[in-house]
Amino acid sequence: MSRRLSITGCIICITVIISVSAVQAGIATTKHNLSTSGPGPIKAATEQRVCVFCHTPHRAIADVAGIGVPLWNHTLSVASYQLFSSATLLSPTSPIIQPDGSSRLCLSCHDGTVAIGSVVNTGTTLSSLTLINTAPGGVMPEGINNVGTDLSGDHPISIELNSALIDDKAQQCDSGLVSFKVCSPPAGSPVHLEKTNNRYGAGAATGMGVQCGSCHDPHEDPVPGVTVFLRAGDRTNHDELCNACHIADCAAACP
Ligand code: HEC
Ligand code: HEC
Ligand code: HEC
Ligand code: HEC
């Protein structure tokens, strides 16, 4: 019995080591490697560890909003955001919906209000890490990687994608108001839904929807500047990414 347990324990431990080293191998060549070995202009003055900019094994930020913070180490932003709206958008925009889930993690660096080196636990002290080539205050420089707090021109995020939304969007599509219906990404797609506490409609909550992390994987970016951490496609080819959730044939069944 104890032998079997230790074999199981060992398999779990090997799996954890393999998946952590896969993350490490994936992230090392990306702009999210903010250690001194990182390939991008923005990186640490002296810090050599890779994960510490975003995660910590101890003293992680409390998951106050139930957003699924994975041992998060980076100071969260307290900004409020303008989110996308349109005449046909069904996802609620009022009362004002604010980003949650993985989107808040990305925005903690990408909204340009919090220093990129502002972490909770460096392992040796409870203070921040120093980076080079940031804007004054240590924040993300102005430009396309600083998305700001006005996200009204950006794809909706932190919205629940459930069967009620799928049905209502199909109806809009049938009546010619829009040309695309919405579906959940098919099983096996690299694009996926993530946790959100924001609700759509009155049906049973799925708690799953569209977040920054649905389209981007912060640990994988084969060609920096081109694949821009996308789960499918690249900066110029979005077909596979968008078609994972949007289908141009109103009558087609969701996969
Ligand atoms: C620039 C920020 C950043 C860095 C650096 C980073 N991560 Fe992450 N990590 C994230 C974000 C954001 C999420 C949540 C992703 C989501 O929900 O889509 C996450 C999620 C995770 C998760 C839980 C979900 C999963 O994908 O398994 C693990 C485990 C993880 N990271 C491990 C690591 C390790 C190990 C390193 C260092 C080699 C690392 N991360 C470096 C941002 C980062
Ligand atoms: C529906 C999919 C989708 C979602 C959701 C999404 N992105 Fe993107 N993102 C893209 C695509 C596609 C690109 C490629 C360049 C482009 O078309 O602007 C991109 C590019 C970027 C870039 C590179 C700069 C640029 O504009 O080219 C940054 C930074 C970025 N996204 C951050 C985010 C953050 C932060 C969030 C959440 C607030 C987010 N993205 C949510 C699809 C998405
Ligand atoms: C700890 C801070 C931090 C966090 C958290 C973070 N990023 Fe980044 N990200 C950066 C920095 C720094 C760069 C490089 C900016 C530059 O070189 O101008 C970057 C670059 C990018 C780029 C552009 C890549 C390219 O090749 O130009 C995208 C896209 C991106 N991040 C998306 C995300 C998404 C999505 C998340 C959440 C899942 C996230 N980031 C979380 C710091 C962060
Ligand atoms: C993970 C699923 C997912 C992906 C991937 C995705 N979308 Fe969406 N998209 C949605 C959902 C859900 C909505 C909200 C629909 C609503 O509330 O009416 C939406 C809304 C939109 C809207 C606004 C529709 C309206 O009626 O105002 C546009 C335009 C759009 N998406 C375009 C794109 C493009 C372009 C891409 C690829 C770059 C993309 N989407 C990728 C799920 C996704």
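Helices, as named in these legends, are DSSP runs of H or I with at least four residues, and strands are runs of E with at least two; both are numbered from the N terminus. The model shown in every view is predicted.

**View 1. The whole chain, with its helices and strands.** The chain holds 5 helices and 9 strands. Read from the N terminus, the order of these elements is α-β-β-α-β-β-β-α-β-β-β-α-α-β. Of the 255 residues in the chain, 30% are buried. Among contacts with a separation of 6 or more, 60% are between residues 24 or more positions apart.

**View 2. The surroundings of ligand 2.** There are 19 residues around ligand 2, and those that come nearest are Cys106, Ile144, His155, Cys212 and Cys215. Two elements, helix 2 (101–110) and helix 4 (212–215), each supply at least two residues of this shell. Helix 2 has the largest share, with 4 residues. Sorted by class, the residues around ligand 2 are 11 nonpolar, 7 polar and 1 charged.

**View 3. The surroundings of ligand 1.** The shell of ligand 1 has 18 residues, of which His32, Cys51, Cys54, Ser102 and Gly213 come nearest. Helix 1 (2–28) and helix 2 are the elements that give two or more residues to this shell. Helix 1 gives the most, with 4 residues. By class, the residues around ligand 1 are 11 nonpolar, 6 polar and 1 charged. Domain 1 (1–30) and domain 2 (159–247) each provide at least three residues of the shell.

**View 4. Helix 2 and what it packs against.** Helix 2 is mostly covered, with 9 of its 10 residues buried. The buried residues are Gly101, Ser102, Ser103, Arg104, Leu105, Cys106, Leu107, Ser108 and Cys109. They pack against strand 7 and helix 4. Two of these buried residues also belong to the ligand views: Ser102 is among the residues that come nearest to ligand 1, and Cys106 is among those that come nearest to ligand 2. Gly112, just after helix 2, has a positive phi of about 75°.

**View 5. Ile157, a buried loop residue.** Ile157 sits in the loop between strand 4 (150–151) and strand 5. With 29 other C-beta atoms within 10 Å, Ile157 is buried, because 20 or more such atoms are enough for a residue to count as buried. Leaving aside residues up to four places away in sequence, Ile157 touches Pro99, Ser103, Val210, Gln211 and Cys212. Of these contacts, Ser103 is itself one of the buried residues of helix 2, and Cys212 is among the residues that come nearest to ligand 2. From Ile157 to Gly101 the C-alpha to C-alpha distance is 9.6 Å, although the two are 56 residues apart in sequence.

**View 6. The open sheet with strand order 5-8-7.** This open sheet has 3 strands, and the pairing is antiparallel. Strand 5 (159–160) and strand 7 (194–195) are at the edges; each has a single partner strand, so one side of each lacks a neighbour in the sheet. Strand 7 and strand 8 (residues 208–210) run antiparallel and are joined by 2 bridges. Lys195 is placed opposite Met208 in strand 8. The buried residues of helix 2 also pack against strand 7.

**View 7. A cis peptide bond at Pro95.** The peptide bond from Ser94 to Pro95 is cis, and its omega is near -5°. Pro95 is in the loop between strand 2 (82–83) and helix 2.

**View 8. Asn133, a residue with positive phi.** Asn133 is not a glycine, yet its phi is positive, near 65°. Its place is in the loop between strand 3 (131–132) and strand 4. Asn133 is exposed, with 10 other C-beta atoms within 10 Å, because a residue with 12 or fewer counts as exposed.

**View 9. Val228, a second non-glycine residue with positive phi.** Val228 has a positive phi of about 30° and is not a glycine. Val228 belongs to the loop between helix 4 and helix 5 (239–243). Within 10 Å of Val228 there are 17 other C-beta atoms, so the residue is partly exposed.

How values were computed:
Residues are numbered from 1 along each chain as its sequence is written. Chains are lettered from A and ligands numbered from 1 in the order in which they are written. This is a predicted model: local features need pLDDT of at least 70, side-chain atom pairs count only at pLDDT 80 or more; totals for chains, interfaces and linings use all residues. A residue is near a molecule or strand if its C-beta atom, placed from the backbone, lies within 6 Å of it. Ala, Val, Leu, Ile, Met, Phe, Trp, Tyr, Cys and Pro count as nonpolar, Asp, Glu, Lys and Arg as charged, and the others, Gly among them, as polar. Two strands pair if DSSP finds at least two bridges between them. Domain bounds come from an automatic or database domain assignment. Two residues are in contact if their C-beta atoms, placed from the backbone, lie within 7 Å.
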